[in-house]
Amino acid sequence: MASVAALYTPEVLMLATGLVRHRWDDALTLQGAARSASCGSTMKVGIDLDTEGRIARIGLAAQACAIGQAAGAIMADAAIGRGESDFARAEADLMRWLAGEGDLPDWPGLAAIAPARAFPGRHGAILLGWRAVLQAFSSFANGEGEIA
């Protein structure tokens with residue numbers, strides 16, 4: 001059995017505090033939310049898009065464990081300039097990796113939370129940020145919000 005000490009490393013705890021760099025802002029045009037069925041963690045994401053439909057600004061509000069918060073910060077730190085397809089691909093790659101299929105996805109910073117793969121109860125929390133962003137993009141596709 002994997003050790004909890006290997007899960008909540010100083011690096012993970014530092015990353016979790018990184019959410020402060022991406023504060024929630026009600027003025028963000030598109031909003032999405034996700035909830036982990038396995039642990040109840042939640043994350044709300046707001047984004048503004050540039051004229052190419054890529055993220056220009058992002059804000060998060062999380063009620064999640066340190067792994068969920070760290071994963072959210074990792075996601076947000078590399079979100080600017082990425083479009084919906086980048087997030088869809090990353091979510092699919094994360095799900096495969098969490099299921100034990102394939103390598104760690106190519107998203108900057110994910111190595112810091114790699115030990116969480118051994119804790120299935122944290123998998124839903126890891127995916128929160130990507131899923132909330134995809135929901136925000138979906139709201140744009142449904143006619144809500146606008147491109148800057």
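The following exchange examines how descriptive terms are justified for this predicted model.

Me: What makes the protein chain as compact as a globular protein of its length?
Reply: The globule rule gives 15 Å for 148 residues. The radius of gyration of the protein chain is 15 Å, close to that value, so the chain is as compact as a globular protein of that length. Along its principal axes, the C-alpha trace spans about 50 × 30 × 25 Å. Buried residues make up 45% of the 148 residues. The chain exposes about 7100 Å², of which carbon and sulfur atoms supply 51%.

Me: Which elements make up the protein chain, and in what order do they run?
Reply: There are five helices and three strands. From the N terminus on, they run α-α-β-β-β-α-α-α. Among contacts between residues at least 6 apart in sequence, 64% join residues at least 24 apart.

Me: Why is one side of strand S1 and of strand S3 left without a neighbour in the sheet?
Reply: The three strands form an open sheet in the order S1-S2-S3, with antiparallel pairing. Strand S1 (30–35) and strand S3 (55–63) stand at the edges and have a single partner strand each, so one side of each lacks a neighbour in the sheet. From one strand to the next, the twist averages 20°.

Me: How do you know that S1 and S2 pair?
Reply: Pairing requires at least two bridges between two strands. S1 and strand S2 (residues 42–49) are joined in the antiparallel sense over six bridges. Two positions illustrate the register: Ala33 has Lys44 as its bridge partner in S2, and Gln31 stands opposite Gly46. The hairpin of S1 and S2 has six residues between the strands, and Gly40 takes a positive phi near 85° there.

Me: How do you know that S2 and S3 pair?
Reply: The threshold is again at least two bridges, and S2 and S3 share eight in the antiparallel sense. Within this pairing, Gly59 of S3 is the bridge partner of Gly46. S2 and S3 form a hairpin with five residues between them, and Gly53 in the turn has a positive phi of about 80°.

Me: What makes S2 mostly covered?
Reply: Six of the eight residues in S2 are buried, where buried means under 20% relative accessible area. Helix H3 (residues 66–77) lies across S2 and S3, running at about 175° to S3.

Me: Why is His22 called buried?
Reply: The cut-off is under 20% relative accessible area. His22 has a relative accessibility of 10%, and therefore counts as buried. The residue lies in the loop between helix H2 (10–17) and S1. Leaving aside neighbours within four places in sequence, His22 is in contact with Ile58, Gly59, Leu60, Ala73, Ala76 and Asp77.

Me: Is Leu28 buried or exposed, and how do you know?
Reply: Leu28 has 3% relative accessibility, so it counts as buried. Leu28 is found in the loop between H2 and S1. Not counting residues up to four places away in sequence, Leu28 touches Gly46, Ile47, Asp48, Arg57, Ile58 and Gly59. Leu28 and Gly46 are 18 residues apart in sequence and 5.2 Å apart in space, C-alpha to C-alpha.

Me: Why is Glu91 called buried?
Reply: The relative accessible area of Glu91 is 16%, and the limit is under 20%; the residue is therefore classed as buried. Glu91 lies in helix H4. Not counting residues up to four places away in sequence, Glu91 touches Leu127, Trp130, Arg131 and Leu134.

Me: Which residues touch the most other members of the largest nonpolar core?
Reply: Of the 45 residues in this core, Ile58, Met75 and Phe87 touch the most other members. H2, S1, S2, S3, H3, helix H4 (84–98) and helix H5 (123–141) each supply at least two residues. H5 gives the most, with ten residues. In soluble globular proteins, nonpolar side chains tend to be buried together.

Me: What is Ile58 in contact with, leaving aside its neighbours within four places in sequence?
Reply: Ile58 is in contact with His22, Arg23, Leu28, Val45, Gly46, Ile47, Met75, Ala76, Ala79, Ile80 and Val133. Contact here requires heavy atoms within 4.5 Å.

Key:
Residues numbered from 1 in each chain as written. Predicted model: local features only at pLDDT ≥ 70, side-chain atom pairs only at ≥ 80, totals over all residues. Heavy atoms only, no water. Helix = DSSP H or I, 4+ residues; strand = E, 2+ residues; numbered from the N terminus. Axes fitted to C-alpha atoms, helices over the stretch in contact; angles between N-to-C directions. Rg over C-alpha atoms; globule rule 2.2 N^0.38 Å. Buried < 20%, exposed > 50% of the residue type's maximum accessible area, 1.4 Å probe, protein only. Areas by Shrake-Rupley, 256 points an atom, 1.4 Å probe, with all protein chains shown as cover. Core = buried A, V, L, I, M, F, W, Y, C linked by side-chain atoms within 4.5 Å.
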